[in-house]
Amino acid sequence: MITSTLKILSESDKEACEVVKVSEEELAAGKKRLFIESYGCQMNFSDSEIVAAVMRNADFATTSSEDMADVVFLNTCSIRDNAEQKVRNRLKHLNTLKKKRPGMIVGVLGCMAERLKTKLLEEEKIVDIVAGPDSYRDLPRLVEEAETGQKAVNVFLSREETYADISPIRLNSNGITAYISIMRGCDNMCSFCVVPYTRGRERSRDPFSVVREAQQLFDEGYREVTLLGQNVDSYKWKGTEATAENNDLPTMVNFAQLLEMVATISPDLRVRFSTSHPKDITDDVLWTMKKYENICKYIHLPAQSGNSRVLKIMNRTYDRDWYIQKIDRIREILGVDCGISTDMITGFCSETEEEHQDTLTLMEYVKYDYAYMFAYSERPGTPAAKKLKDDIAEDVKKRRLQEVIAVQLQHSSERNQLAVGKIHKVLVEGPSKRSDDFLCGRNDQNKVVVFPKENFKKGDYVQVLVTECSSATLIGHVVETV
Ligand code: SAH
Ligand code: SF4
Ligand code: F3S
């Protein structure tokens, strides 16, 4: 019988969702209890699912209540200063808890652990374990070490680790959609970014294990997988001698081929992916998307800036014109309905007002469906922190950010208006947040669609006629099932 659930928090603390179930039998068996909380990007949420699997294999149960936990893990993010501050505040709160229950072990996992290493132990006395993103197999041992009263640290970054053989426990799941990590690390060295330092070198996971995982999810009733990586389009797997011996198996697989392998599992399994770096997304990927109806027509293609000089000092390796050509190519091959989103940074080192205007005009050109927008936050140790001056005043960064947000709000609602009056294929994900009489799901372009429940249930594909919209949601009713 299910007695409790595990909660995870997104970086924005917006979505606390129900997750791993703990059975009464597990609790009765006197298992130690783990509470895990995730911050940051989808990769981190996906990693927490691997951590949960590793810990369950080591005979831990998971709990939704930090008050009941023997071990608390925070899977952390370092991308901006405020992401780290959030974790530090959380540690303060846990400190109060630990005073009441001194035996409780606190572990900091993920990017902040990797960035700060043992310094974190000096700065945050409450922390017992520091574990970087490639050390999760070692967590049970680290917990044992911490239980003896010693501080335990593993921040070794690997060139090979992909956790390919570990079946994640689906913490983030509604039972319909799931993440699959296909690669780890990043070799790109964008000058503002801490990820190459916290996640190490880029490596691609064995494609057959990816397909196996997707097939298994489909067999369990899942209907959508999102292939995850910092830069999925540079996915490249080279066969080993063992695979080369078997003539049926390819010896080299690129991202377009991997997409096809996953898309052919079933036409009823939707495939999404994130993130695409504009320099790497190829025509092959776009043609593969076009060829398979079940590969969603939505691309997250972060521009970061609309100005070529800024892009150069960001080390993004493309300029404004090149980015625009990519957008044109996407629309040529996949049509104007293909959803496109971006990430934008305002107030990067030495960015002038004119250069900031270029970001706004690029947005006008593309009219993104959605954007994640940030004020630049200098990260210690990155090329920008070493070589460039963080010289744009905070209030200027913030004002530029507000301008970018205002333009995007307008575009999101214009793009949503285009969806009104049309029929959209929607995969039902569950009840809508506002009312149990309504269901919600997403269309191909990743837009949330809300409609009256009738007799539909999660996992169904339905055709929804959209009749109205807000800047965030499409609203309509089902006209037929698929
Ligand atoms: N791999 C993805 C992005 C990962 S980080 C890509 O290349 O697009 C997610 C986003 O955080 C980035 O796209 C960027 O917009 C933002 N970001 C990264 N470092 C930042 C920093 N130092 N300050 C502000 N935003 C940052
Ligand atoms: Fe960071 Fe650039 Fe790698 Fe994205 S591609 S994770 S922004 S270094
Ligand atoms: Fe944050 Fe690490 Fe992801 S820094 S954005 S959790 S890769």
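## The largest cavity

In this predicted model, the largest cavity holds about 40 Å³ of space, and the structure has 1 cavity of 30 Å³ or more. The residues that line the largest cavity are Ser46, Ile50, Tyr163, Ile166, Pro168, Arg170, Tyr179, Ile180, Ser181, Arg205 and Glu213. Sorted by class, this lining comprises 6 nonpolar, 2 polar and 3 charged residues.

Two elements of secondary structure, helix H2 (42-57) and strand E9 (177-181), each contribute at least two residues to the lining of the largest cavity. Strand E9 supplies the most, with 3 residues.

## The annotated N-terminal span

An unreviewed UniProt entry carries the annotation "domain: MTTase N-terminal", which it assigns to residues 32-148. In the model, the C-alpha atoms at the two ends of residues 32-148 are 15 Å apart, and the span is 48% helix and 21% strand.

## The surroundings of ligand 1

The shell around ligand 1 consists of 15 residues, of which Gln230, Pro302, Gln304, Asp343 and Ser377 come nearest. By class, the shell around ligand 1 is made up of 7 nonpolar, 4 polar and 4 charged residues. Strand E17 (339-346) and strand E18 (370-375) each provide at least two residues of this shell.

Several pairs of polar atoms link ligand 1 to the protein, and they involve side chains as well as backbone. In the side chain of Gln304, an N or O atom lies 2.6 Å from an oxygen atom of ligand 1, while for the side chain of Arg80 the corresponding distance from an N or O atom to an oxygen atom of the ligand is 3.1 Å. Phe192 takes part through its backbone, where an N or O atom is 3.1 Å from a nitrogen atom of ligand 1. Ligand 1 taken alone exposes 540 Å², and the protein buries 90% of that area.

## The surroundings of ligand 2

Around ligand 2 the model places Cys186, Asn188, Met189, Cys190, Phe192, Cys193, Val195, Pro196, Gln230, His277 and Arg316. Divided by class, this shell has 7 nonpolar, 3 polar and 1 charged residues.

The two ligand sites can be related through particular residues. Gln230 is listed around ligand 2 and is also one of the residues that come nearest to ligand 1. Phe192, likewise, is among the residues around ligand 2, and a backbone N or O atom of Phe192 lies 3.1 Å from a nitrogen atom of ligand 1.

Methods. Residues numbered from 1 in each chain as written. Chains lettered and ligands numbered in written order. Predicted model: local features only at pLDDT ≥ 70, side-chain atom pairs only at ≥ 80, totals over all residues. Heavy atoms only, no water. 1 Å grid on protein atoms, 1.4 Å probe; cavity = no way out; pocket = protein on both sides within 12 Å on 5 of 7 lines; lining within 4 Å. Points joined across faces, edges and corners; volume = space filled by probe spheres on them. Helix = DSSP H or I, 4+ residues; strand = E, 2+ residues; numbered from the N terminus. Nonpolar A, V, L, I, M, F, W, Y, C, P; charged D, E, K, R; others polar. UniProt positions renumbered as here; feature names shortened; annotations may be inferred. Near = heavy atom within 4 Å. Polar contact = N/O pair within 3.5 Å; in protein donor to acceptor, adjacent residues only side chain to side chain. Areas by Shrake-Rupley, 256 points an atom, 1.4 Å probe, with all protein chains shown as cover.
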